[in-house]
Amino acid sequence: MSTPRPTESMVRICSLYPDLLGTYGDGGNATVLAQRLRWRDINVDLVSIDAGRSVPDSCDLYLVGGGEDGPQTRATQELQTSGALRRAANNGAVVFAVCAGMQILGERFPDMDGVDRAGLGLLDCVTVRVDRPRAVGELLTHDAAVTAPDGTVRPLGTLTGFENHAGRTIPGASATTFGRVEIGEGNGDGTEGVINGSVVGTYLHGPALARNPALADELLRWIIGDAALTPLDDSDVDALRADRHLAARAHELAPQRSWRDRLRGS
Amino acid sequence: MPSRSTSLPIRSRLAVGVGRLVAASSKAVHLGSGSVIGGRAALVVNPQLLRDLTAGRDVVIVSATNGKTTTTRLIAAALAGDRAVVSNSMGANMTAGIVAALGGAAANATAVLEVDERWVAGVLRATSAGTVVLLNLSRDQLDRTQEVRKLAEAWRTCLTATPPTTVIANADDPLVVWAAQVAPHVIWVATGQDWRADAAGCPQCAGRISFTGATWRCTDCELARPEPAMSVEDSAIATDAGRVPLSMRLPGRVNIVNAAFALATARSLAVPDDIAVAGLQSVEEVAGRYRVTSLAGRPVRLLLAKNPAGWHEAIELLADPPAPVVVSINARIADGHDPSWLWDVDFERLRSRFVVATGERRHDLAVRLRYADVEHVTADTIDEALRVAMGRPAYIAGRPVDIAANYTAFQEYFERVGGSQ
């Protein structure tokens with residue numbers, strides 16, 4: 001983890017391939033982080049790197065969004081060829097990846113033809129395809145926490161979002177998760193999220209950082225430190241979170257699992 | 001109106017009768033217009049009904065993510081001065097709604113059919129439509145619909161299997177071009193569409209689409225913008241056969257684009273330009289879209305915007321700032337359960353306005369507006385939203401308040417103003 005920096009300096013955020021991995025509104029995560037910095041009078045340099053363009057390796061935070069199967073494979077190829085994201089992560093940059101983005105940062109994932117592909121290996125997890133309908137609906141965790149790069153466990157409250165994925169992700173021994181799912185599928189084994197050092201993956205759309213400001217601020221804390229995180233007016237988000245908790249618990253949009261899924265325990 | 005029923009097989013006549021009876025019963029107990037449920041009942045009696053009802057007539061299929069209801073209406077208007085037309089003009093665009101609309105049609109009427117983008121293959125197979133109009137494809141209801149590339153692939157497959165005489169398609173939408181280029185005869189319309197967020201990946205090869213100026217091509221394969229036969233200008237349509245000036249009552253550039261597709265369709269059916277243009281210019285509203293009316297005793301204008309590509313156009317149509325606007329968002333089945341597309345809308349463009357957020361997902365919208373630095377409040381009901389908007393200092397007394405709503409929210413207000421058929 002890099003040392004917290006003075007607030008006058010610039011936080012550099014890189015949105016990776018929004019043209020390939022921007023399907024589910026995850027571009028909003030960049031908007032949220034940038035605004036939460038600006039509202040605290042911290043300068044932000046927000047760069048957006050489309051496919052085919054060279055990726056800088058000097059940013060403080062990288063965002064990888066969700067997308068469809070074909071673009072997911074394309075993004076993986078580009079990231080592997082470039083090597084910039086791996087270099088940045090190895091140097092302690094924060095990486096936040098959602099859904100297809102999380103899958104490609106793992107060790108392996110299935111491509112559009114169901115063929116196993118090598119991921120970037122920044123997260124200790126593998127994603128497999130399972131024989132059941134896509135998990136589509138509200139995703140809500142019990143009280144969650146994230147293990148920060150310095151090893152401290154930081155509480156986040158509940159995490160809320162919308163999930164929409166076919167794969168099941170199995171975290172490996174070196175990874176931690178956000179904790180247990182209350183409503184929805186998450187990783188598929190009752191947990192949600194995969195965390196290794198400063199690399200964080202999740203199935204939460206919504207976008208995740210719009211619906212979970214505690215998580216947004218925790219990622220920022222890893223870059224700018226505690227002192228800079230002055231309180232913000234999150235009353236709109238509080239109202240949204242209350243609304244979504246009710247909806248999830250009323251199973252308004254719970255993913256449907258057949259009796260066969262339940263028997264298989266999948 | 002001459003009845004077609006005598007030329008129909010007996011099973012189809014029975015099916016149409018049953019459908020009407022069910023529709024009338026449904027309407028009588030206030031379950032809506034009853035057309036869809038009536039159509040379903042008719043299809044139970046005769047699953048081949050769509051084939052029978054379209055046999056021997058000219059059929060035009062219109063599909064897209066955005067603009068299909070409006071374009072269907074414009075095509076019907078462009079043809080109406082030349083011939084009898086039947087159309088599912090209220091947007092019931094799956095098989096049941098289509099057979100309901102066709103049930104009472106004259107035998108020689110040209111069918112202008114709005115078709116849900118997922119139902120094009122089935123309707124094309126059943127009707128062997130001579131003309132297929134494909135406007136655009138973008139993300140909409142991702143939790144429900146197939147991925148957008150798969151939709152394009154389904155279009156491509158059905159245009160190969162049942163080739164229409166003429167396809168009229170958007171030259172500026174790479175997904176549409178990839179789908180339509182397999183057809184034997186395509187009239188390409190240059191729309192100048194600048195919503196490109198859904199088309200960055202090449203549908204053909206997983207390469208990347210590179211846009212330069214007005215044109216585009218894939219960086220890896222031969223997919224590229226075709227040579228257009230028509231292109232859209234500010235208040236005219238440029239064609240191979242000269243420039244056609246247009247003075248539309250429907251607002252915005254987006255409706256000149258829709259009119260261009262309608263003009264191309266009219267020409268392909270040998271309708272003279274002057275007749276077509278007169279029809280296009282006569283349309284004032286389409287199934288409540290753009291309607292200026294009174295809701296809860298207050299003057300309003302209804303606008304439909306249901307996904308990022310639609311919003312991209314709709315923001316231009318709103319009353320000039322600083323007029324306050326009401327935005328209403330639901331997330332029911334027909335809207336898609338996941339409103340995270342709100343983050344792909346450039347709501348920052350509303351910064352000089354005051355927005356009242358309403359609808360069932362008003363809190364999602366409020367968070368989006370907060371991060372866009374747009375001044376806003378939420379209102380639990382549309383009545384309260386209008387009261388708040390009209391209480392703003394920037395509201396000019398007597399002016400209609402623009403309500404921009406996504407699909408089910410729009411339908412709710414439309415029904416309240418007595419809009420349903």
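Helices and strands are runs assigned by DSSP, and they are numbered from the N terminus. The tour below uses those numbers throughout. The structure on display is a predicted model.

**First stop: the loop at B:P322**

Select B:P322, which lies in the loop between helix 11 (308–317) and strand 14 of chain B. Now add B:P321 to the selection. The peptide bond that joins B:P321 and B:P322 is cis, with omega about 5 degrees.

**Second stop: chain B as a whole**

Colour chain B by secondary structure. The chain comes to 14 helices and 17 strands. Its radius of gyration is 21 Å, close to the 22 Å that the globule rule gives for 421 residues, so chain B is as compact as a globular protein of that length. Turn the chain about its principal axes: the C-alpha trace spans about 60 × 60 × 40 Å.

Display the surface of chain B next. The accessible surface is about 15900 Å², and 51% of it belongs to carbon and sulfur atoms. Beneath that surface, buried residues make up 58% of the 421 residues. Among the contacts in chain B between residues at least 6 apart in sequence, 67% join residues at least 24 apart.

Charged side chains can be selected as two sets. Chain B has 43 positive and 42 negative charges, and the mean positions of the two sets are 5 Å apart.

**Third stop: helix 14 of chain B**

Select residues 407–416 of chain B, which form helix 14. Which residues of this helix are buried? They are B:T408, B:A409, B:F410, B:Y413 and B:F414. A general point helps in viewing such a pattern: an α-helix has 3.6 residues a turn, so residues three or four places apart point the same way.

Next, show what covers these buried residues. The cover includes strand 12 (292–295), strand 13 (298–304), strand 14 (325–328) and strand 15 (355–358) of chain B. Helix 13 (382–390) and strand 17 (401–405) also belong to the cover. Move on to B:G418, which follows helix 14 and has a positive phi, near 80 degrees.

**Fourth stop: B:I329**

Strand 14 leads to the next selection. B:I329 is placed in the loop between strand 14 and strand 15 of chain B. Is this residue buried or exposed? B:I329 has a relative accessible area of 0%, so it is buried, the cut-off for that word being under 20%.

Show the residues in contact with B:I329, leaving aside its neighbours within four places in sequence. Among them are B:W341, B:L342, B:T358, B:R361, B:L365 and B:N406. Then draw a distance from B:I329 to B:P339: the two are ten residues apart in sequence, and their C-alpha atoms are 8.2 Å apart in space.

**Fifth stop: two residues with positive phi**

Select B:A270, in the loop between helix 9 (253–268) and helix 10 (273–282) of chain B. Phi of B:A270 is positive, near 60 degrees, although the residue is not glycine. With a relative accessible area of 63%, B:A270 is exposed.

Continue past helix 10 to B:Y290, in the loop between helix 10 and strand 12 of chain B. B:Y290 is likewise a residue other than glycine with a positive phi, in this case near 75 degrees. Its relative accessibility is 15%, so B:Y290 counts as buried.

**Sixth stop: chain A**

Now hide chain B and display chain A, which has eight helices and 16 strands. The radius of gyration of chain A is 17 Å, close to the 18 Å of the globule rule for 266 residues, so this chain is as compact as a globular protein of that length. Its C-alpha trace spans about 55 × 45 × 30 Å along the principal axes. Of the 266 residues, 59% count as buried.

Zoom in on A:P207, in the loop between strand 16 (199–202) and helix 5 (208–211) of chain A. The peptide bond from A:G206 to A:P207 is cis, with omega near -5 degrees.

**Last stop: where the chains meet**

Restore chain B and select the residues in contact across the two chains. How many residues does each chain bring to the contact? Chain A gives 36 residues and chain B gives 29. The area buried between the chains is about 2800 Å², with carbon and sulfur atoms giving 54% of it. Finally, select A:E68, A:R74 and A:D236: these supply 20% of the area that chain A buries against chain B, more than any other three residues.

Conventions. Residues are numbered from 1 along each chain as its sequence is written. Chains are lettered from A and ligands numbered from 1 in the order in which they are written. This is a predicted model: local features need pLDDT of at least 70, side-chain atom pairs count only at pLDDT 80 or more; totals for chains, interfaces and linings use all residues. Side-chain values use heavy atoms; hydrogens and water are left out. Helices (H or I, at least four residues) and strands (E, at least two) are DSSP runs, numbered from the N terminus. The radius of gyration is taken over C-alpha atoms; the globule rule is 2.2 Å times the number of residues to the power 0.38. Buried means under 20% relative accessible area, exposed over 50%, partly exposed in between (1.4 Å probe, protein chains only). Contact means heavy atoms within 4.5 Å. Accessible areas come from the Shrake-Rupley method with a 1.4 Å probe; for residues, only the protein chains shown count as cover. Lys and Arg count as positive and Asp and Glu as negative; His and the chain ends are not counted. The place of a charge is taken as NZ of Lys, CZ of Arg, CG of Asp or CD of Glu. Buried area is the accessible area (1.4 Å probe) that two parts lose on being put together, summed over both.
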